[in-house]
Amino acid sequence: MPTTLSVNLNAIAMLRNRRDLPWPSVEALGRIALQSGASGLTVHPRPDQRHIRFSDLKVIRNLIDDEFPEAEFNIEGYPTEEFLDLCGGAAPEQVTLVPDDPTQATSDHGWDFSRHQAFLTDVVAKLKKMGTRVSLFADGDGDADAVQIAKATGADRIELYTGPYGGCYGSPERAGPSLEALGKTADAALAIDLGVNAGHDLTVANLPPLVKRIPKLAEVSIGHGLTADALEYGMAETVRRFCRALGHKI
Ligand SMILES: CC(=O)[C@@H](O)[C@H](O)COP(=O)(O)O
Ligand SMILES: NCC(=O)COP(=O)(O)O
């Protein structure tokens, strides 16, 4: 079974929020993603709603329920009471817990599992009661003890934080060890029946070595690089459409 792709809509939402206009539409782009082979949609609502707005969650839930019942909704974030209420309302198939501080520009580390074990155990139990799969954002540093604690919280999966790997891809002497550490973390998780997802700064270029090293990788969630490619590869046709709207014979 190949690794599934969940398309993260945060970057689309951030572009939309530049204006008080409904485009680009997270619903329309989410639909295209699911029509084109993605297995799910990911959002990471943050407390200031600077990209995904809380009102987007119902729209995405309805899109999946009405048009793509096989698809999965993955909600990522720090488990505040507000976040858990949002999850209760949106009934995602998967929740990914991330140790983000509200002031962070983006996610940049996994959980300190020994420090937060009791807190995570409590939150995981609450989410499992809602019927959702739970994944925990984890550093891919090869720490098998941390993976054991992640499993002990009751979580179903970890999501490997691939930012450092993405950041040094193209430099074999740095990316090689980083990939191997991710692989070792995945091996430790899979050996104790803890599923493995991955995400952050993944691209068309750096995905193939990752899935080769971790063939049982269940899911990747990708937003920034995928949105950048969508703009680049969609630019030519879009410019042609605007030229046609001006009467150019293109
Ligand atoms: C957990 C993770 O790596 C992603 O959710 C990432 O934080 C995407 O959100 P932004 O694109 O808004 O940073
Ligand atoms: N969980 C990672 C994610 O959803 C997207 O991260 P990125 O591709 O925007 O870096």
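# A tour from one loop to the strands and ligands

Begin at Q49, which is partly exposed because 13 other C-beta atoms lie within 10 Å, a count in between the limits of 12 or fewer for exposed and 20 or more for buried. The model on screen is predicted. Q49 is found in the loop between β2 and α3. Check the backbone angles here: Q49 is not a glycine, yet its phi is positive, about 55°. Most residues other than glycine have a negative phi.

**Strand β2**

Next, select residues 40-43, which form strand β2. Which residues of β2 point one way, and which the other way? G40 and T42 point one way, while L41 and V43 point the other way. All four of these residues are buried. In a regular strand the side chains alternate between the two faces of the sheet.

Now add the neighbouring strands to the selection. Strand β1, residues 4-8, pairs with β2 in the parallel sense over 3 bridges. To find one place where the two strands meet, label S6, whose bridge partner in β2 is G40. Then show strand β3, residues 72-77, which runs parallel to β2 and is joined to it by 4 bridges. G40 is useful here too, as its bridge partner in β3 is E72.

Add helix α3, residues 54-67, and trace the chain. With β2 and β3, helix α3 makes a right-handed β-α-β unit.

**Strand β3 and its other partner**

Stay with β3. Is this strand largely enclosed or open? 5 of the 6 residues of β3 are buried, so the strand is largely enclosed by the rest of the structure.

Select residues 94-97 to see strand β4, which pairs with β3 in the parallel sense over 4 bridges. For a pair of residues to label, take N74, which stands opposite Q94 in β4. Helix α4, residues 81-90, carries the chain from β3 to β4, and this β-α-β crossover is right-handed.

Before reaching β4, stop at A91, in the loop between α4 and β4. A91 has a positive phi near 45° and is a residue other than glycine. A91 counts as partly exposed because it has 15 C-beta neighbours inside 10 Å.

**The annotated residues**

Select H44, E76 and H200 together. In UniProt, an unreviewed entry places the feature "active site" at these residues. They span 157 residues in sequence, but no two of their C-alpha atoms are more than 12.2 Å apart, so they gather at one spot.

Take E76 on its own: its place is in strand β3. E76 counts as buried because it has 27 C-beta neighbours inside 10 Å. Which residues does E76 touch, not counting those up to four places away in sequence? They are T42, H44, T96 and V98. T42 was seen before as one of the buried residues of β2, and H44 is another of the annotated positions.

Move to H200, in the loop between β7 (195-199) and α9 (207-213). H200 also counts as buried because it has 27 C-beta neighbours inside 10 Å. Leaving aside residues up to four places away in sequence, H200 touches S107, Y161, T162, G163 and G166.

**The two ligands**

Select ligand 1 and show its surroundings. How many residues surround ligand 1? There are 14, and the closest are N10, H44, T106, S107 and H200. H44 and H200 belong to the UniProt feature of the previous stop, and S107 is one of the residues that H200 touches. The shell around ligand 1 divides into 3 nonpolar, 10 polar and 1 charged.

Then select ligand 2, which has 13 residues around it. N8, G199, S221, G223 and H224 are the closest. Colour β8 (219-222) and α10 (224-245): each supplies at least two residues of this shell. By type, the shell around ligand 2 divides into 2 nonpolar, 8 polar and 3 charged.

**Last stop**

Finish at P24, in the loop between α1 (10-16) and α2 (26-35). Is the peptide bond from W23 to P24 cis or trans? The bond is cis, with omega near 0°. Most peptide bonds are trans.

Definitions and conventions. Residues are numbered from 1 along each chain as its sequence is written. Chains are lettered from A and ligands numbered from 1 in the order in which they are written. This is a predicted model: local features need pLDDT of at least 70, side-chain atom pairs count only at pLDDT 80 or more; totals for chains, interfaces and linings use all residues. Two strands pair if DSSP finds at least two bridges between them. A crossover is right-handed if, with the strands pointing away from the viewer, the path from the first strand over the helix to the second runs clockwise. UniProt positions are given in the numbering used here, feature names are shortened, and annotations may be inferred rather than shown by experiment. Two residues are in contact if their C-beta atoms, placed from the backbone, lie within 7 Å. A residue is near a molecule or strand if its C-beta atom, placed from the backbone, lies within 6 Å of it. Ala, Val, Leu, Ile, Met, Phe, Trp, Tyr, Cys and Pro count as nonpolar, Asp, Glu, Lys and Arg as charged, and the others, Gly among them, as polar.
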